[in-house]
Amino acid sequence: MKVLVVLSAVLCVALAKDQPKKAIVYLNGNAGVTGNVTISQPSCTEPVFIEINAVGLAPGKHGFHIHEKGDLTDGCASTGGHYNPDKVSHGAPNDQVRHVGDLGNIVADENGIAKTSYSDTVVSLYGARSVIGRAIVIHAEVDDLGKTNHPDSLKTGNAGGRVACGVIGILAPFEEAEEECSSGQPALVFPAVTIFASFCAARMLVA
Ligand SMILES: *[C@@H]1O[C@H](CO)[C@@H](O)[C@H](O)[C@H]1NC(C)=O
Ligand SMILES: [Cu+2]
Ligand SMILES: [Zn+2]
């Protein structure tokens, strides 16, 4: 019986987990580059999945970042620097030390098309560090990932001008308010979840 109670409690906690979140970015700029980016995350403890569709790029690698502001007043120029809440050096997506916004490079084919997707464990759509409302920026040049002697390497990756950008907007869910959940930390067991689990366990006992 104890095993049943524990099992049902675990199941109920699993069912009560966060709603998946999804964000959409419409890319534009004054360099003829257009496209979109979707960012989805099943729960606050799982990685984001980023899908990129961009056209009009010069063939080759282009720095791809999340910048701190969703301000397009002056086009991509007014989106600020890389989103960097930890105030650390620029790096590669897989580095221990990196800006939250450091997503490395995307690669455009000979037709100027970049269609790619990948996961990232640092970027989040949940909590105080949610990137919703910030901006995605595609650069003219290669992001050197903080690995060269250029004076800007550890600041920006020396990725050159900004050829396209867009604000990270909510796609789903759009009906409910932000949940309390700190990104980048273990999931907290909230009182509501505990009560729900106890309720489920109690029902198992009665049944
Ligand atoms: C993103 O762009 C691709 C390629 O142009 C298009 O097929 C897709 O429908 C777009 N997605 C959204 C959500 O707009
Ligand atoms: Cu950038
Ligand atoms: Zn950076």
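**Strand pairing, core and ligand shell of a predicted model**

The protein contains 2 helices and 10 strands, where helices (H or I, at least four residues) and strands (E, at least two) are DSSP runs numbered from the N terminus. From the N terminus on, the order of the elements is α-β-β-β-β-β-β-β-β-β-β-α. The structure is a predicted model, in which local features need pLDDT of at least 70 and side-chain atom pairs count only at pLDDT 80 or more, while totals for chains, interfaces and linings use all residues. Residues are numbered from 1 along each chain as its sequence is written, and chains are lettered from A and ligands numbered from 1 in the order in which they are written.

The average pLDDT (the predictor's confidence in each residue, from 0 to 100) of the protein is 86, and 76% of the residues score at least 70. Residues 4-16 have pLDDT below 50, and this stretch makes 17 contacts in the model beyond near neighbours in sequence; two residues are in contact if their C-beta atoms, placed from the backbone, lie within 7 Å. Over residues 185-197 pLDDT also stays under 50, with 10 contacts beyond four places in sequence. Where pLDDT is low, the predicted coordinates should not be read in detail.

Of the 207 residues in the protein, 34% are buried. A residue is buried if 20 or more other C-beta atoms lie within 10 Å of its own, exposed if 12 or fewer, and partly exposed in between, with C-beta atoms placed from the backbone. Among contacts between residues at least 6 apart in sequence, 66% join residues at least 24 apart.

Strand β2 (residues 34-41) pairs with two other strands, pairing being defined as at least two bridges found by DSSP. Strand β1 (residues 21-27) runs antiparallel to β2 and is joined to it by 7 bridges; alanine 23 has isoleucine 39 of β2 as its bridge partner. The hairpin of β1 and β2 has 6 residues between the strands, and glycine 32 there takes a positive phi near 80°. Strand β3 (residues 48-55) is likewise antiparallel to β2, over 7 bridges, with serine 40 partnered by phenylalanine 49. A hairpin with 6 residues between the strands is formed by β2 and β3. The side chains of β2 alternate: Gly35, Val37, Ile39 and Gln41 are buried and point to one face, whereas Thr34, Asn36, Thr38 and Ser40 point to the other and are not buried.

Ligand 1 is surrounded by Ile24, Gly35, Asn36, Thr38 and Asn53, each with a C-beta atom, placed from the backbone, within 6 Å of the ligand. The largest share of this shell, 3 residues, comes from β2. By class the shell has 1 nonpolar, 4 polar and no charged residues; Ala, Val, Leu, Ile, Met, Phe, Trp, Tyr, Cys and Pro count as nonpolar, Asp, Glu, Lys and Arg as charged, and the others, Gly among them, as polar.

Alanine 31 lies in the loop between β1 and β2. Alanine 31 counts as partly exposed because it has 17 C-beta neighbours inside 10 Å. Beyond four places in sequence, alanine 31 touches Val163 and Ala164.

Ala164 is also among the residues with the most contacts inside the largest nonpolar core, which has 34 residues. Such a core is a set of buried Ala, Val, Leu, Ile, Met, Phe, Trp, Tyr and Cys residues joined through C-beta atoms within 7 Å. Elements giving two or more residues to this core include β1, β2 and β3.
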